[in-house]
Structure formats: C-alpha cells, structure tokens
Amino acid sequence: MSSNNPISNFQDVPWKQRFYRSMLGYGIHFSRRSDGTINRFIMNLFDLKAQPSKQPIDGVITSDTVVDATRNLYFRLFLPSLEQNTNMPLIVYFHGGGFAYMSANSIACDELCRNLCKKTGAVIISVNYRLSPEHKYPSQYDDGFDVLKFIDENANTKNLPSNVNLKQCFIAGDSAGGNLAHHVTVKACEYRLRNVKLIGLIAIQPFFGGEERTESENRLVDAPVLSVKGTDWLWKTFLPEGSDRDHPACNVFGPKSVDDIRRLKFPATMVVVGGVDPLYDWQIRYYEGLKKCGKEAYLIEYPNAFHSFYGAPELKESGLLMEEVKDFIGKLIK
C-alpha cells in the first residue's frame with residue numbers, strides 16, 4: 001500500500017453512531033482492570049442488548065436457540081419475514097469484539113446481522129461464544145465449531161426454516177469474528193459434516209497479527225476505533241499464558257503455523273480490508289497466504305475505511321460491502 005495516508009471516512013459517520021461508539025469505547029476503557037481482567041458489570045452498562053423479536057423489524061424476525069446453557073452458548077437466528085419461494089443460503093456469523101467484548105445480542109451485532117439478512121436474503125445464525133480473559137483460546141473456536149456441529153446434527157429441527165439450504169453454507173465474521181471464521185472453517189474441513197456443506201468464507205477486516213510491527217501498524221498506531229496498544233492487550237487476554245503474537249491463532253501463516261491448508265478442501269474466501277485499519281497489512285498477508293496455498297480468494301478493499309466501518313450502514317462503503325457479499329454468495333450458489 002502507498003505510504004500516503006488515506007483519509008478516514010470516520011468523519012462521515014452520523015453523530016448518533018459516533019456517540020454510541022464513543023460510549024462503547026468508554027465502557028471498554030473503564031471496564032479494564034490493571035490485572036488484565038474485565039469488570040463485566042461496568043461493561044454491560046455500556047453494551048446495550050437487543051431482544052429477539054417474532055414481530056418483523058426492518059423486514060427481519062429473530063429468535064434464540066440454546067446449544068449449551070452451561071457455557072451460555074446459543075445462536076440468534078435472523079430470518080427474512082417475507083415468505084421465500086426458493087431455498088435460502090445459510091450464513092453462520094461470528095461477531096467482533098477482540099474475543100473479549102460484545103455478544104450475539106449486543107445492539108451493534110444484532111443490527112449488523114439484521115442488515116446482512118435483509119440485504120442478502122440469507123438466513124443468518126449469529127453465534128454467542130464465550131469471551132476472554134475468562135475463557136482463553138481455544139474456547140471461542142470450540143464454541144463456534146460446536147454450533148456448526150449442532151446445525152449439522154439437527155438439520156430437521158424446528159429451529160431452522162424448512163427452506164434453508166444447508167448445502168449452501170457460508171461462514172462469516174468481522175474483526176475477531178473473521179479470525180474465528182477462518183479457524184472454525186479449518187476445523188470443519190477436518191471433520192466430516194453430514195448435512196452442512198461449506199462453500200464460502202467471508203472474512204470482514206479479520207483480526208490477525210504477529211510479533212512484527214507492520215507498516216500499517218506503525219502508520220496507524222492511533223487509528224479511529226482500534227489502536228495498536230488495544231490490539232496488543234486483546235491478544236494478551238486471549239492467547240494461552242506464555243504465548244506471543246506469533247501463536248498460530250494470531251499469525252495464521254507465521255513461523256509457528258501448524259495448519260497446512262494446502263491439504264484441505266478450503267472454501268472460496270472473500271477478504272475485506274480497509275485502508276485506515278492498523279490490521280490492514282496482516283489482512284493482506286492472510287489473503288496472500290490463501291493464494292499461495294492455491295485457494296480461491298478474493299480481495300475487497302475500501303481505501304478510506306476504518307476498522308468496523310460496516311457498523312455504520314449510512315456509510316457508502318457499508319452499502320457497497322453488502323452488495324459485494326450478496327454477489328459473492330450469488331456467484332457460489334449458482
């Protein structure tokens with residue numbers, strides 16, 4: 001990428017969205033304890049929740065299904081309210097939040113999946129997984145894969161619409177959820193699913209990293225929404241004790257990588273990056289790593305987009321992203 005700094009589109013975010021993001025940022029800041037733990041009571045004051053709704057909201061109805069109550073593992077189902085005459089593809093979605101924040105019922109995550117459902121016409125399953133530091137690696141990956149297995153083993157359950165097509169399944173996620181999407185896909189490729197067929201992976205500004213400081217990290221050290229200091233803290237709370245950022249959960253194609261995806265039937269992957277995201281270089285390396293392994297991969301770049309731009313539907317780039325996701329799905333289900 002050019003050394004010229006792109007202009008962030010953060011100033012184009014409506015004031016209500018900026019206020020919400022600021023309040024959430026305050027919550028994250030004040031909930032962090034000096035010992036590396038999180039005060040969940042304080043954080044929950046800022047992380048407002050959305051209830052499931054059987055009444056259509058913006059053309060989408062929602063419901064929750066418990067997979068394992070002992071670990072609060074459940075998923076929120078997003079379904080277009082208008083009756084569909086044809087089979088609908090399925091997107092299993094993992095929310096962002098650095099593995100430590102947010103949930104499937106957080107207002108921001110609920111609105112994003114609702115918008116994705118409305119714009120693509122796909123059924124969305126948004127996974128509520130355990131959070132760090134209370135639950136470190138690999139808890140989140142295990143939760144994500146267990147939900148996928150639950151779907152596979154309960155294909156005819158009343159919790160899923162009868163016309164959802166499990167043979168047209170996509171795994172997707174944003175930020176830390178994009179990281180999760182990759183690792184759950186790897187686990188799925190190594191497991192014999194009976195009813196679910198993965199045909200695509202959608203990684204939206206995925207959260208990857210490494211010990212090296214990249215050009216984008218140095219240039220965007222205090223970028224809007226996500227700082228390098230913040231990402232370092234999140235990796236420390238997530239990774240096993242004694243690990244560094246070259247752990248394969250973080251640096252997928254790094255020096256300690258253990259998964260050789262060349263041997264796997266890895267699905268076509270769409271990688272979305274933003275030019276004002278400090279993770280930009282790591283995301284590009286992920287895309288290039290997939291290509292080097294001989295996998296089908298597509299790069300979607302928005303030069304002025306900051307990290308988590310997709311959470312502001314008013315932005316031009318957010319609308320373009322929804323169209324790109326819809327086109328990617330349409331291309332693979334033909």
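Contact here means heavy atoms within 4.5 Å. Keep that cut-off in mind, since we'll start from one residue and work outwards through what is a predicted model.

The residue is L90, which sits in strand β3, spanning residues 88–94. Leaving aside anything up to four places away in sequence, L90 touches V123, I125, I151, V164, N165, L166, Q168, C169 and F170. Is L90 buried or exposed? Its relative accessible area is 0%, so L90 is buried. The strand around it tells a similar story: seven of the seven residues of β3 are buried, which means the strand is largely enclosed by the rest of the structure.

Part of that enclosure can be followed through the strand pairing. β3 pairs with strand β5 (residues 164–174) in the parallel sense, over seven bridges. Within that pairing, L90 stands opposite C169 of β5, and C169 also turns up in the contact list of L90. β3 is joined to strand β4 (residues 123–128) as well, by five bridges, and these two strands also run parallel. There, F94 stands opposite V127 in β4.

Now step back from the strands to the packing. In soluble globular proteins, nonpolar side chains tend to be buried together. In this model, the largest nonpolar core has 69 residues, and the members that touch the most other members are L90, F94, I125, L148 and I151. So where does L148 make its contacts? Not counting residues up to four places away in sequence, L148 touches V92, I171, V184, A188, L193, V196 and L198. Apart from this core lies another one, made of 32 residues, with F170, A305, F309 and I329 among them. Interestingly for anyone tracing neighbours, F170 is also a contact of L90.

Not everything nonpolar is tucked away, though. W15, F19, M23, Y26 and F30 make a nonpolar surface patch of about 610 Å². Take F19 as an example: it lies in helix α1, which covers residues 15–31. F19 counts as exposed because its relative accessibility is 51%, and the cut-off for that label is over 50%.

Next, the charges. Side chains of opposite charge can pair when their charged atoms come close. How many salt bridges does a search of the whole structure find? The count is 22. One of them joins the side chains of D47 and K49, at 2.8 Å from N to O. The two partners sit in unlike surroundings: D47 counts as buried because its relative accessibility is 3%, while K49, at 34%, counts as partly exposed.

Another salt bridge brings together the side chains of R71 and D146, with an N to O distance of 2.7 Å. This pair links distant parts of the chain: R71 is in the loop between β1 and β2 (73–80), D146 is in helix α4, and they are 75 residues apart. D146 has a second partner in K149, where the closest N and O atoms are 3.7 Å apart. That link is a local one in sequence, as D146 and K149 both lie in helix α4, three residues apart, or about one turn of the helix. K149 counts as partly exposed because its relative accessibility is 22%. Put these together and you get part of a network of salt bridges that links D68, R71, R130, D143, D146 and K149. To place that network relative to our starting point, the C-alpha atoms of L90 and D143 are separated by 18 Å, with their positions 53 residues apart along the chain.

Finally, a few backbone details to check in your viewer. The loop between β4 and α4 (139–153) holds P133, and the peptide bond from S132 to P133 is cis, with omega near 5°. P138 is found in the loop between β4 and α4 too, and the peptide bond from Y137 to P138 is likewise cis, with omega near 5°.

Phi has its own oddities. D58 has a positive phi of about 55° although it is not a glycine. D58 is in the loop between α2 (40–46) and β1 (60–68), and its 48% relative accessibility is why it counts as partly exposed. Q205, another residue other than glycine, has a positive phi near 45°. Its place is in the loop between β6 (198–204) and α6 (215–219). Is Q205 buried or exposed? With a relative accessible area of 0%, Q205 is buried.

Technical notes
Residues numbered from 1 in each chain as written. Predicted model: local features only at pLDDT ≥ 70, side-chain atom pairs only at ≥ 80, totals over all residues. Heavy atoms only, no water. Patch = residues over 30% accessible without salt bridge, like charges linked within 9 Å, V, L, I, M, F, W, Y side chains within 5 Å. Areas by Shrake-Rupley, 256 points an atom, 1.4 Å probe, with all protein chains shown as cover. Salt bridge = Lys/Arg side-chain N within 4 Å of Asp/Glu carboxyl O. Helix = DSSP H or I, 4+ residues; strand = E, 2+ residues; numbered from the N terminus. Buried < 20%, exposed > 50% of the residue type's maximum accessible area, 1.4 Å probe, protein only. Core = buried A, V, L, I, M, F, W, Y, C linked by side-chain atoms within 4.5 Å. Pairing = 2+ DSSP bridges.
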